[in-house]
Amino acid sequence: GAAPTGGWTPHRRLSAGTDDLVSVKATPGQIGYIYASNINAAVRYLHLFNKASAPVLASDSALLVQTFAIPGSTVGGVPVALDIPAGIEFTTGIAFAITTVAAGTTGAVAANELLVNLGYK
């Protein structure tokens, strides 16, 4: 049968033991959903940037548009699940970082401890 059209393009990121600086889309777009889970006992942070390339934490604070706290849970049982029907608009591009610091300045997350799934257009 024919494949359905429309919907959100999926993006998946498993923390890699770095600040996980990710460029999702290099042109304007929207995020329609975010699902993130954390198997560390301490809270972790997902920072969204309006940028066409991977963020630079030390200098891109003006492009940081939203930060989400991902609660700690050693069994990954407290995911953040956000459905955003109208989408979060990014006028330049979609990028994000995963860190241990709420300010979004630095703080590498251990490998395989945080999983981020998001949908974008």
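These are my notebook entries on strands, salt bridges, rings and a few single residues in a predicted model.

**Entry 1. The open sheet**

I began with the sheet that holds β1. It is an open sheet of 4 strands, in the order β1-β8-β3-β6, and the pairing is antiparallel. I noted the edge strands as β1 (9-14) and β6 (80-90), each of which pairs on one side only. From one strand to the next the twist averages 20 degrees.

I then looked at how β1 is held to its partner. β1 and β8 (residues 114-120) run antiparallel and are joined by 6 bridges. For a register mark I took Arg-12, which stands opposite Asn-117 in β8.

**Entry 2. Strand β4**

Next I looked up β4, residues 44-50. How many of the residues of β4 are buried? I found 7 of its 7 residues buried, so I put the strand down as mostly covered, a residue being buried when its relative accessible area is under 20%.

I sorted the residues by face. One side carries Arg-44, Leu-46, Leu-48 and Asn-50, the other Tyr-45, His-47 and Phe-49, and both faces are covered.

For pairing, I checked β5 and β7. β4 is joined to β5 (residues 64-70) by 6 bridges, and the two run antiparallel. Arg-44 stands opposite Ile-70 in β5. β4 also pairs with β7 in the antiparallel sense, over 6 bridges. There I noted Leu-46, which stands opposite Ile-98 in β7.

**Entry 3. Salt bridges**

I searched the whole structure for salt bridges and got 3. I took them one at a time.

Arg-44 and Glu-113 meet through their side chains at 2.5 Å, N to O. This pair links distant parts of the chain: Arg-44 belongs to strand β4, Glu-113 to the loop between β7 and β8, and they are 69 residues apart. Is Arg-44 buried or exposed? Arg-44 has 10% relative accessibility and therefore counts as buried. Glu-113 is buried as well, with a relative accessible area of 8%.

Asp-60 and Lys-51 also meet in a salt bridge, again listed at 2.5 Å from N to O. Asp-60 counts as buried at 9% relative accessibility. Lys-51 is buried too, its relative accessible area being 13%.

Asp-20 and Arg-13 form a salt bridge in which the closest N and O atoms are 2.6 Å apart. The accessibility of Asp-20 is 0%, so Asp-20 counts as buried. Arg-13 has a relative accessible area of 23% and is partly exposed.

**Entry 4. Surroundings of Glu-113**

I went back to Glu-113 to list what else is around it. The residue sits in the loop between β7 (94-99) and β8. Which residues does Glu-113 contact, leaving aside its neighbours within four places in sequence? I listed Ser-15, Ser-37, Asn-38, Ile-39, Asn-40 and Arg-44. The last of these, Arg-44, is the salt-bridge partner from the entry above.

**Entry 5. Rings**

I looked for aromatic pairs and the count came to 1. Why is the pair of Tyr-33 and Tyr-35 called tilted? The ring planes stand at 40 degrees, and the class is tilted because that angle is neither under 30 degrees (stacked) nor over 60 (edge-to-face). The ring centres are 5.3 Å apart. Tyr-33 counts as buried at 18% relative accessibility, whereas Tyr-35 counts as partly exposed at 34%.

I also noted a charge over a ring. The charged end of Lys-121 sits over the ring of Trp-8, at 4.8 Å from the ring centre.

**Entry 6. Val-80**

My last look-up was Val-80. It lies in strand β6, which is one of the edge strands of the open sheet. Is Val-80 buried or exposed? Val-80 counts as buried, at 13% relative accessibility.

I listed its contacts, leaving aside neighbours within four places in sequence. They are Ile-34, Tyr-35, Ala-36, Ala-69, Ile-70 and Pro-71. Two names among them had come up already: Tyr-35 is in the aromatic pair, and Ile-70 of β5 stands opposite Arg-44.

I also took the distance from Val-80 to Ala-16. The two are 64 residues apart in sequence, and C-alpha to C-alpha they are 19 Å apart in space.

Definitions and conventions: Residues are numbered from 1 along each chain as its sequence is written. This is a predicted model: local features need pLDDT of at least 70, side-chain atom pairs count only at pLDDT 80 or more; totals for chains, interfaces and linings use all residues. Side-chain values use heavy atoms; hydrogens and water are left out. Two strands pair if DSSP finds at least two bridges between them. Axes are lines fitted to C-alpha atoms, for helices over the stretch in contact, and angles run from 0 to 180 degrees between N-to-C directions. Contact means heavy atoms within 4.5 Å. A salt bridge is a side-chain nitrogen of Lys or Arg within 4 Å of a carboxyl oxygen of Asp or Glu. Buried means under 20% relative accessible area, exposed over 50%, partly exposed in between (1.4 Å probe, protein chains only). Rings of Phe, Tyr and Trp (its six-membered ring) pair if their centres lie within 6.5 Å; planes under 30 degrees apart count as stacked, over 60 as edge-to-face and the rest as tilted. A charge sits over a ring if NZ of Lys or CZ of Arg is within 6 Å of the ring centre and within 35 degrees of the ring normal.
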